[in-house]
Amino acid sequence: MNFAYYMPARLFFGKGAIERLGTERLPGKKALIVISAGTSMRKYGYLDRVTEQLEKNGASYVLFDKILPNPIKSHVMEGAALCKAEECDFVIGLGGGSSIDSAKAIAVMAVNPGDYWDYISGGSGKGQPVKKALPVIAITTTAGTGTEADPWTVITKEDGGEKIGGGWDCTFPYFSIIDPDLMMTVPAHLTAYQGFDALFHSTEGYINKTANTLSDLYALKAIELIGSYLPRAVKDGSDAEAREMVALANTLAGMVETASGCTSEHSLEHALSGFHPDLPHGAGLIMVSLEYYRLFSAKVCPERFVAMAKALGKADADKPEDFVEALADLQKACGVDNLKMSDYGIQADEMEKTAHHALDTMGGLFEVDRYQLSVPEIVSILEKSYR
């Protein structure tokens, strides 16, 4: 029952919530809007809706539109330089987790000296403290990372493939907008990848050593909503109820990340996509998940695995391996049960290197596991997951 909980971000959730950008008190007068290098923010009018609301609220803006699906340090530094040159006093992350995570990192580097990796713990990072950042507004157009409800940001250092999470009190969003209307155009396969990312934030937070009564409440509800509604959202992207419920699950999963946290499952995926940045984060998690949870369900907290299986919809669950079965069923229902690492250039002989990379870059997540994986066990999970 001992836990600390801090979640200062104001959340505006629901259909039409984007209009709150035009009426709420803003944290500044000039925004750097951070979006991806893709076309969707313009194509579907989301960028126009944001700029219209900013203008309505008396704010000007500058656009930075280079963010990759797995965002990189050089873009953080470039965005921060633009932010300073244009004298922006707050940052808006518009899009998925990559854009919002980048916005948080840019907000840090806009007001701190040196290189972003000076402030990262793990890998070659120097772990210097961060005490200030520009205010960030998060406007999410996907349901996957929960970054609108937590301080975390994941960035890759290109040389060396170090994909590492960071986060500080000052990188909680000033406020976040979660409007399911902005999520209706996400393609089916990305809906699935993102939904499973939210699921694993919840399951990892639930089996984490840092789990507590508060995070458990959020986690089990998020797992229940994803189990019930993600297949519907994947099948029919125009299903408004399904989109809204998956969006809610994602935000709850972000609150799990704030109250508890990830486990080594995320370390394994970060190592894979750190070396292979074309691998979507959610897809990588799906690839390793069955073998990962099969091992953990046999080792620790059986009652928690039974509870997760029931939350996923397996009402008669009575043994921990029922969760692995329910997870496999959900992957099949969402059409992601045959993903292959080899399709993303990952080679079968990379697994030991990947295991060590996971420990070197995101070793802290292994420390909060209820069971301490050995290097051979990490390699085994990866090898059994390989196709």
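**Notes on cores, voids and charge pairs**

1. A good place to begin is phenylalanine 196, which is in contact with Leu230, Ile286, Leu327, Leu330, Gln331, Cys334 and Val336, leaving aside its neighbours within four places in sequence. Please keep in mind as you read that this is a predicted model.

2. Phe196 also belongs to the largest nonpolar core, a set of 72 residues in which Phe196, Leu199 and Tyr293 have the most contacts. Helix 6 gives the largest share of this core, 10 residues. Apart from it lies another core, of 30 residues, with Leu32, Ile67, Leu134 and Leu365 among them. As general background, nonpolar side chains tend to be buried together in soluble globular proteins.

3. Helix 6 deserves a second look. Spanning residues 213-235, helix 6 includes serine 215. Is serine 215 buried or exposed? Its relative accessibility is 0%, so serine 215 counts as buried. Beyond its neighbours within four places in sequence, serine 215 is in contact with Gly205, Val256, Ala259 and Ser260.

4. The same helix also carries a charge pair: glutamate 224 and lysine 221 both lie in helix 6, three residues apart, about one turn of the helix. Their side chains meet in a salt bridge, at 3.3 Å from N to O. Glutamate 224 is partly exposed, with a relative accessible area of 34%, and lysine 221 is partly exposed at 37%. Salt bridges that share partners also join Arg232, Asp239 and Glu241 into one network.

5. In the whole structure there are 18 salt bridges. One of them pairs arginine 20 with glutamate 24, with the closest N and O atoms 2.8 Å apart. Arginine 20 is partly exposed, its relative accessible area being 35%, and glutamate 24 is partly exposed at 21%.

6. You may want to look at glutamate 269, which forms a salt bridge with lysine 163, the closest N and O atoms being 3.4 Å apart. This pair links distant parts of the chain, since glutamate 269 sits in helix 8 (residues 264-275) and lysine 163 in strand 7 (residues 162-167), 106 residues apart. Both glutamate 269 and lysine 163 are buried.

7. Glu269 turns up again beside glycine 284: not counting residues up to four places away in sequence, glycine 284 touches Glu269 and Leu279. Glycine 284 is found in helix 9 and counts as buried, because its relative accessibility is 0%. From C-alpha to C-alpha, glycine 284 and serine 273 are 7.3 Å apart in space, with their positions 11 residues apart in sequence.

8. Helix 9 (281-297), helix 11 (321-333) and helix 13 (375-385) each supply at least two residues to the lining of the second largest pocket. That pocket has a volume of about 210 Å³. Of its 13 lining residues, Met287, Leu290, Gln331, Asp337 and Arg387 are the closest to its centre. Helix 9 provides the largest share of the lining, five residues. By class, the lining has six nonpolar, two polar and five charged residues.

9. How many cavities of 30 Å³ or more does a search of the whole structure find? The search finds one. About 60 Å³ of space lies in the largest cavity, which is lined by Thr142, Ala143, Met183, Val186, Thr191, Gln194, Gly195, Arg243 and Val246. Helix 5 (188-207) and helix 7 (240-259) are the elements that give two or more residues to this lining, and helix 5 has the largest share, three residues. The lining divides into four nonpolar, four polar and one charged residues.

Key. Residues are numbered from 1 along each chain as its sequence is written. This is a predicted model: local features need pLDDT of at least 70, side-chain atom pairs count only at pLDDT 80 or more; totals for chains, interfaces and linings use all residues. Side-chain values use heavy atoms; hydrogens and water are left out. Helices (H or I, at least four residues) and strands (E, at least two) are DSSP runs, numbered from the N terminus. Buried means under 20% relative accessible area, exposed over 50%, partly exposed in between (1.4 Å probe, protein chains only). Contact means heavy atoms within 4.5 Å. A nonpolar core is a set of buried Ala, Val, Leu, Ile, Met, Phe, Trp, Tyr and Cys residues joined through side-chain atoms within 4.5 Å. On a 1 Å grid over the protein atoms alone, a cavity is a set of points where a 1.4 Å probe fits but cannot get out, and a pocket is an open set with protein on both sides within 12 Å along at least five of seven lines; lining residues have an atom within 4 Å of a point. Grid points are joined across faces, edges and corners, and a volume is the space filled by probe spheres set on the points. Ala, Val, Leu, Ile, Met, Phe, Trp, Tyr, Cys and Pro count as nonpolar, Asp, Glu, Lys and Arg as charged, and the others, Gly among them, as polar. A salt bridge is a side-chain nitrogen of Lys or Arg within 4 Å of a carboxyl oxygen of Asp or Glu.
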